[in-house]
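Please work through the following exercises with the model open beside you, and attempt each task before reading its solution.

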Amino acid sequence: MYGLAATSGLMLALASQAYAATSALTIKGSKFFTGDGNQFFIKGIAYQLTNDDPLADSTQCVLDINLMKTIGTNTIRVYHVDPSANHDTCMGALSDAGIYVFLDLDTFPTYILQENPEWNQTQYSAYQKVMDAFHNYDNVAGFFVGNEVLTTGAGSIAAPYIKAAARDMKAYRDSKGYRKIPVGYSAADISDLRPNLQNYVACGSNQSEAMDFYSLNAYEWCGDSSYDVSGYSQLQMNASDYNIPIFFSETGCNTVPPRTFGDQAAIFGSEMSGTWSGAIIYEWIEETNNYGLVSYGAPAAATATGNGIVAGYTRTGTPIPISPDFDNLSKAWATASPSGVQMNNYNPSNSPPACPAYTSGLWEVSSNQPLPTLGQGADYQQPSHSSTSGASSMAGSSSKSGSASASRTSGATAASGAASGSSTAAASSTAASAAMARSVPSSDANVMILGFIGLVGMIAVIGIL
Ligand SMILES: *[C@@H]1O[C@H](CO)[C@@H](O)[C@H](O)[C@H]1NC(C)=O
Ligand SMILES: *[C@@H]1O[C@H](CO)[C@@H](O)[C@H](O)[C@H]1NC(C)=O
Ligand SMILES: *[C@@H]1O[C@H](CO)[C@@H](O)[C@H](O)[C@H]1NC(C)=O
Ligand SMILES: CC(=O)N[C@H]1CO[C@H](CO)[C@@H](O)[C@@H]1O
């Protein structure tokens, strides 16, 4: 990507358009490609400093981008933006640094709920506004229609709604003549839902109704794990025939500090790089959940206010690398350089997977069930199905410890969802945060307020025990 960054200055001058520097990505088969036909592998960082739009703060984003680019970051993921804000400076600075952006389209009031799923005009209009505000930036890599909406097998009833959202956002994109920016989904790593959800988002003969990519928030690889012990070999086995791009939209288990990011060698190595398009590390800023790569100073009191302090952490200023995690990631990425394939030499042959069959408690969507139409409510019925029942086991799921990840509606799932290789402490802190966060609407994993609530919950549970 350094080559890209070098040419970008020239293009910038020629086009005199602040955001034309990094060439748009395209998808062919199951891979991403840059404008010059090289395969693109995501080396990403989740970037959300507060609940507010981090791409609207021109001063702060430039400070952060300058540090991010020193370790080879070529992508960020942003969970919440304000479509009415101006993003030219941040998007331009990212582009100049050779950094692409994956963006979540949902906002706090509009995300799709697992237990009472809807895909309605209010949500559609809100998603459209984000797409309208960002489609013109060439360095937008893709849009997510949801993050960890499904966390249980029974929650699979929400799957048709996220797929309907993708269908409609793709149709909207095309009707407006926008660039074919990929639309996909970021899934919690829940064993009950694997690999049905993965297959479901891509399945069917009509590609207008299928997602453009799929991604997983996986915390299976903790500490000194390995390709086999972590479970990654299983993930790889079930993705090797996948017809659309797949990548890690969050990774970076923190239960065995310091983090060494050993999984990056597998993801970018010979085992997985033929299938996976890279990984986004969770997350840039250090906060209560303890996943940060940088801080902006020592933690403050939980109740402190002023000077960029929110929920006990300063969230503005010059980022300070957290040692040794930041350097460890830098080393892990420096030695990870998959060659990939050239777009011209790549002839994809994988076809969409079959739509998964109805299995009571595990996948409660029939394989031939049409997607709901926009706003379709109570009259959206499951067609009759012959039910096979599946034993429910949570072994092998992984979720982020010490935060509200994967827990917005279901405490039980996250509680039992500790990864193989993760410690008992991790499992119980997840349980505590999940229990507390269960009824609180949270749009995604890295909402620091919920992280804080989770911590308080954890302390409370420990107190009770
Ligand atoms: C649309 O769905 C959202 C999210 O479930 C919900 O909050 C909102 O009330 C719904 N809006 C309408 C008009 O039904
Ligand atoms: C494919 O799906 C789109 C979106 O739902 C629909 O408009 C179109 O008619 C479908 N095409 C076929 C051949 O069924
Ligand atoms: C892989 O797929 C098989 C067959 O569908 C399934 O039983 C298994 O649980 C999957 N493994 C993972 C890690 O998703
Ligand atoms: C893989 C890697 O980079 N590991 C390093 C992480 O940081 C610790 C502490 O500095 C080093 O000892 C490891 O070598």
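The exercises below concern a predicted model, and each is followed by a worked solution.

**Exercise 1. The protein as a whole**

Determine how many helices and strands the protein has, and what percentage of its residues is buried.

Solution. The secondary structure comes to 13 helices and 17 strands. Of the 465 residues in the protein, 53% are buried. Turning to contacts with a separation of 6 or more, one finds that 77% of them are accounted for by residues 24 or more positions apart.

**Exercise 2. Helix α4**

Compare the expected span of helix α4 with the distance between its end C-alpha atoms, and then work out how its buried residues are arranged around the axis.

Solution. Begin with the length: helix α4 comprises the 14 residues 121-134, which at 1.5 Å a residue should span 20 Å, and this agrees with the 20 Å that separates its end C-alpha atoms. Next, list the buried residues of α4, which are Q123, Y127, V130, M131 and F134. These cover an arc of only 100 degrees around the axis, and therefore lie on the same side of α4. The spacing can be read against a general rule: an α-helix has 3.6 residues a turn, so residues three or four places apart point the same way. On the face turned away from the buried side, α4 carries the exposed residues Q121, T122 and S125. Finally, ask what covers the buried residues of α4: the cover includes β6 (100-104), β7 (140-147) and α5 (159-175).

**Exercise 3. Helix α3**

Decide whether helix α3 is largely enclosed or largely open, and inspect the backbone at G98.

Solution. Count first: 7 of the 9 residues of helix α3 (residues 88-96) are buried, so α3 is largely enclosed by the rest of the structure. The buried residues are C90, M91, G92, A93, L94, S95 and D96. G98, which follows α3, has a positive phi, near 75 degrees.

**Exercise 4. Strands β4 and β5**

Establish how β4 and β5 run relative to each other, and which residues of β5 are buried on each face.

Solution. Strand β4 (residues 42-46) runs parallel to β5, to which 3 bridges join it. Within this pair, I45 stands opposite I76 in β5. Both faces of β5 (residues 75-78) are covered, with T75 and R77 buried on one side and I76 and V78 buried on the other.

**Exercise 5. Two ligand shells**

Identify the residues around ligand 3 and ligand 4, and classify each shell.

Solution. Ligand 3 has R194, P195, Q234, L235 and N238 around it, a shell of 2 nonpolar, 2 polar and 1 charged residues. Ligand 4 is surrounded by P258, T260, P324, N328 and K331, and this shell divides into 2 nonpolar, 2 polar and 1 charged.

Technical notes:
Residues numbered from 1 in each chain as written. Chains lettered and ligands numbered in written order. Predicted model: local features only at pLDDT ≥ 70, side-chain atom pairs only at ≥ 80, totals over all residues. Helix = DSSP H or I, 4+ residues; strand = E, 2+ residues; numbered from the N terminus. Expected span 1.5 Å × (residues − 1). Buried ≥ 20, exposed ≤ 12 C-beta atoms within 10 Å, placed from the backbone. Arc of directions from axis to C-beta. Contact = placed C-beta atoms within 7 Å. Near = placed C-beta within 6 Å. Nonpolar A, V, L, I, M, F, W, Y, C, P; charged D, E, K, R; others polar. Pairing = 2+ DSSP bridges.
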